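Here are a few exercises to work through with the model open in your viewer. Try each task yourself before you read the solution.

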Amino acid sequence: MRSVDESASGVRRSIDAATILTVYVVVLLSIRSVLVVPALGTAGAPATIVAIGAFLWWVWYHVQRAYRIDLGFQPLRIAVLGLLLAVMASYVLAMSGPMPGNELTPADSGLLRMIGLAGVAMIAAEGISSLDRLHAVARRLVTGIGLVAMLGLAQFVTRQPLVDRISIPGLSARGIEIGLYERSGMPRLSGTSTHPIEYGVILSMVLPLVIVYALHAPTRRWFYRVLLLCVAIAIFMVLSRSAILCTGIAILVLALRWSWRMRLVGLSCVAAVSVLVYLTVPGMLGVLTGLFVGAGDDASVASRTGSYGVAFQFIARDPWLGRGPGTFLPQYWILDNQYLGHTIETGLIGMAALLAVIVVAAFTARSARNAATTDFDRELAQGLLAGVLAGATAMAFYDLFAFPQSSGCFILMVGLAGALHRLVRRPPAGPQPGGTTPPSDQTLPRQTLPGAEVSKDAIGNQ
């Protein structure tokens with residue numbers, strides 16, 4: 001899945017899946033989640049537009065390529081496309097009957113967002129051509145999350161959102177006011193996210209990869225350790241139960257592969273960060289402790305636990321395919337639970353498809369870890385497993401798919417797990433039983449993006 005362009009120096013450079021995913025990461029993390037193209041509504045977030053383009057590219061590539069490449073059994077493709085088909089079936093069923101006018105646009109947006117998420121997962125899982133390119137995407141995701149963490153810390157120091165000063169022509173904030181949230185008198189970081197919970201969730205999901213690079217990166221470990229310190233402090237200062245719980249799950253999964261000595265070092269680092277936060281921000285640890293000690297009296301916790309009865313009533317009305325993607329509006333009820341919300345909107349079939357994506361991604365990452373031939377790739381696979389499970393945990397406390405950054409980071413981790421699984425298990429090129437030679441990256445013709453021009457020299461070299 002490549003295209004060829006010409007740089008200013010005349011050197012041919014390929015535009016491949018890793019390049020598209022890099023653009024996606026940059027757009028996803030650097031542009032405020034609330035900024036959209038007004039004519040497209042909630043589906044007009046730049047990251048969603050790039051993701052839909054990725055899906056169209058993936059479809060176009062498979063339709064027009066000259067050679068049929070045997071990628072082997074790809075359970076992740078089946079799971080992701082199964083989820084997309086379930087959402088599409090729910091959408092068609094919803095549109096076939098009477099629907100309130102205020103649900104029409106959200107339904108369209110919900111379907112488009114899911115198409116985009118499927119595109120990101122597919123070009124990551126099937127389009128990344130080598131381990132080096134996969135490592136490049138992972139590095140850029142880690143760096144992007146580190147920079148977003150630094151932005152959050154700057155917001156805390158200045159007590160200003162900072163991102164409200166950035167204006168991008170053609171995008172508007174849909175009337176949403178940008179500001180800093182507070183909890184118990186403490187400002188809550190939000191970076192470029194829509195809400196502090198979304199911010200905390202993306203930090204906790206990508207944290208395992210940051211740890212992997214800080215401990216095992218072949219080069220620049222000092223740089224990744226600085227990013228790790230920023231991410232760790234930012235997670236503390238988001239003041240979010242969801243972020244703390246997801247971080248705990250992520251570290252626990254990572255620690256399963258650590259020695260006892262490494263686990264003690266990890267505990268020491270957590271203690272050191274806690275002391276640093278305690279000394280620099282008086283009262284912060286008390287607020288954090290109160291999130292869990294006083295959880296029984298917290299209105300947000302009561303709202304979550306009180307949502308089950310309401311959710312089951314809605315599920316019972318349309319049990320199999322639900323009421324349609326994006327149609328369960330906040331004005332009806334705020335669930336703060338992706339599993340319940342997804343079941344209401346896409347039914348038990350959609351819920352089964354979502355669980356299949358999570359389970360398949362987790363087992364794919366685990367299989368990649370077992371098949372990897374280098375220590376770094378084994379640790380990277382464990383980091384992806386930890387990130388996927390952290391995202392799955394977040395869905396129990398937060399509407400993850402309702403927010404572009406959290407859903408984008410989660411589905412990218414899913415896709416990277418599939419890519420690593422494919423690449424570490426790829427059979428070596430060469431004669432196979434029966435005298436056949438399987439196509440390799442070197443023998444496949446380069447595929448171009450729609451409208452891209454390839455020079456005669458480039459064609460002659462393929």
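**Exercise 1: the whole chain**

What percentage of the contacts in the protein chain with a separation of 6 or more comes from residues 24 or more positions apart?

Solution. Start with the ground rules: this is a predicted model, where local features need pLDDT of at least 70 and side-chain atom pairs count only at pLDDT 80 or more, while totals for chains, interfaces and linings use all residues. Residues are numbered from 1 along each chain as its sequence is written, and side-chain values use heavy atoms, with hydrogens and water left out.

Now take contact to mean heavy atoms within 4.5 Å. Residues 24 or more positions apart then account for 77% of the contacts with a separation of 6 or more.

Next, the secondary structure: the chain has 16 helices and 4 strands. These are DSSP runs numbered from the N terminus (helices: H or I, at least four residues; strands: E, at least two).

Last, burial: 52% of the 462 residues count as buried, meaning under 20% relative accessible area with a 1.4 Å probe, protein chains only.

**Exercise 2: two helix pairs**

Work out how helix 1 packs on helix 2, then do the same for helix 6 and helix 15.

Solution. Step one is the angle. Helix 1 (residues 17-30) and helix 2 (residues 46-64) pack at about 165°, with axes 8 Å apart. Axes here are lines fitted to C-alpha atoms over the stretch in contact, and angles run from 0 to 180 degrees between N-to-C directions. Helix 1 and helix 2 are therefore roughly antiparallel (over 145 degrees; under 35 would be roughly parallel).

Step two is the handedness. Helix 1 passes helix 2 in a left-handed crossing, that is, the near helix is turned anticlockwise from the far one by less than a right angle.

Step three is the contact. Helix 1 brings Ala17, Ile20, Tyr24, Val27 and Leu28, and helix 2 brings Pro46, Ala47, Val50, Ala51, Ala54 and Trp57. By class that makes 11 nonpolar, no polar and no charged residues. Ala, Val, Leu, Ile, Met, Phe, Trp, Tyr, Cys and Pro count as nonpolar, Asp, Glu, Lys and Arg as charged, and the others, Gly among them, as polar.

Now the second pair. The axes of helix 6 (residues 196-216) and helix 15 (residues 404-424) come within 8 Å and cross at roughly 20°, so these two helices are roughly parallel. Their crossing is left-handed. Glu198, Val201, Ile202, Met205, Val206 and Leu209 of helix 6 meet Pro404, Gln405, Ser406, Cys409, Phe410 and Met413 of helix 15. Sorted by class, there are 9 nonpolar, 2 polar and 1 charged residues.

**Exercise 3: two single residues**

Is histidine 421 buried or exposed, and what does histidine 421 touch?

Solution. First find histidine 421 in helix 15. With a relative accessible area of 13%, histidine 421 is buried. Skip residues up to four places away in sequence, and histidine 421 touches Thr364, Ser367 and Ala368.

Which residues is valine 231 in contact with, leaving aside neighbours within four places in sequence?

Solution. Look in helix 7 (residues 221-238) for valine 231. Valine 231 has 0% relative accessibility, so it counts as buried. The contacts of valine 231 are Ile145, Gly146, Ala149, Leu203 and Leu207. For leucine 203, 28 residues apart from valine 231 along the chain, the C-alpha atoms are separated by 6.6 Å.

Technical notes. Angles under 35 degrees count as roughly parallel, over 145 as roughly antiparallel, 65 to 115 as roughly perpendicular and the rest as oblique. Buried means under 20% relative accessible area, exposed over 50%, partly exposed in between (1.4 Å probe, protein chains only).
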